Amino acid sequence: MRADQGRGPGLEARGVTVRYGGLVAADSVTLSAPLGRITGLIGPNGAGKTTTFSACSGTAPVSSGSVHLFGEEVTGVPPQIRGQRGLGRTFQRMELFDSLTVADNVGLGLEAGLAGSKPWRHLLGNKGDKARIVARVQESLRRCGIEDLAQVTAGELSTGQGRLVELARVLAGNFRMLLLDEPSSGLDRAETARFGAILRNTVAETGCGILLVEHDMSLVLNICDYVYVLDFGKLIFEGTPAQIVASQEVQAAYLGSADLEAS
Ligand SMILES: Nc1ncnc2c1ncn2[C@@H]1O[C@H](COP(=O)(O)OP(=O)(O)OP(=O)(O)O)[C@@H](O)[C@H]1O
């Protein structure tokens with residue numbers, strides 16, 4: 001089975017290769033993460049997931065192949081320009097400012113975007129812009145079910161709450177395509193289930209596309225429409241969650257790893 005086109009082209013890698021010295025970390029990787037779909041990218045440790053992700057967001061050097069965003073080639077386009085065109089990304093490591101409130105953390109990206117595009121308006125504190133930021137932050141906190149945490153400082157949050165704040169921050173950016181790098185790491189089972197439901201609702205309501213790198217196989221199998229599997233930098237399988245579970249190749253790649261058993 002091939003990935004369908006969802007609600008239109010989102011992010012595509014076509015034959016992407018990334019080399020670090022003599023190591024081929026991503027070897028001619030081709031994948032498609034359309035709008036309106038959650039696409040999973042899985043594989044054992046060191047398989048090249050983050051590298052592929054970084055090639056898509058513009059922070060890893062692509063030595064051959066191409067990356068396409070909403071149908072247009074963006075290979076070589078800097079990450080911040082990809083961001084302005086609608087590509088948002090979270091990182092494996094939690095990146096919140098501990099001394100700021102949850103609302104300020106969520107609003108940060110929006111304010112930075114505003115400062116980048118219209119610095120004079122930002123400096124003058126345009127009231128319309130500020131009201132729009134407040135509304136966007138509130139909407140994003142609501143979507144993630146954390147309105148009650150708005151005035152709590154980030155340093156006081158549990159890991160699960162922190163992950164939701166990170167998600168709220170990237171959602172506040174109104175990106176059409178989201179790259180989420182292990183967003184559920186450190187969450188317990190109940191928090192992971194809640195996290196997955198928020199992602200599914202977001203895609204259903206906004207029509208955005210998500211490319212998800214994730215070790216938690218139960219989350220991947222529950223929420224992804226389509227999944228790509230990497231091993232040693234190469235794609236070894238692609239299919240629906242049911243096809244992934246039934247695949248001998250995937251089982252073999254995960255041999256000795258607890259990940260697939262976690263499902
Ligand atoms: N900046 C870099 N310089 C050199 N080697 C790198 C760099 N980034 C990644 N690698 C190597 O590339 C390979 C793929 O790493 P990558 O982080 O993409 O894998 P991964 O599938 O995301 O792994 P994990 O699940 O452990 O996060 C690994 O062998 C890693 O050591």
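Biologist: How many other C-beta atoms lie within 10 Å of N174?

Modeller: This is a predicted model, where local features need pLDDT of at least 70, side-chain atom pairs count only at pLDDT 80 or more, and totals for chains, interfaces and linings use all residues. Numbering starts from 1 along each chain as its sequence is written. N174 is partly exposed (between buried, 20 or more other C-beta atoms within 10 Å, and exposed, 12 or fewer, with C-beta atoms placed from the backbone). Its count is 15.

Biologist: Thanks! Which elements flank N174?

Modeller: N174 has a positive phi, near 55 degrees, though not a glycine. Helices (H or I, at least four residues) and strands (E, at least two) are DSSP runs numbered from the N terminus. The loop holding N174 runs between α6 (159-172) and β7 (177-181).

Biologist: And what is phi of F70?

Modeller: F70 sits in the loop between β4 (64-69) and β5 (72-73). F70 is partly exposed, with 17 other C-beta atoms within 10 Å. Phi of this non-glycine residue is positive, near 50 degrees.

Biologist: Now the sheet: which strands stand at its edges?

Modeller: Six strands form an open, mixed sheet ordered β6-β7-β8-β3-β9-β10. Strands pair if DSSP finds at least two bridges between them. Two strands have a single partner each, so one side of each lacks a neighbour in the sheet: β6 (87-89) and β10 (234-239).

Biologist: Lovely. Which residue in β8 stands opposite G40?

Modeller: β3 (residues 38-42) and β8 (residues 209-213) pair over four bridges, in the parallel sense. Opposite G40 in β8 is L212.
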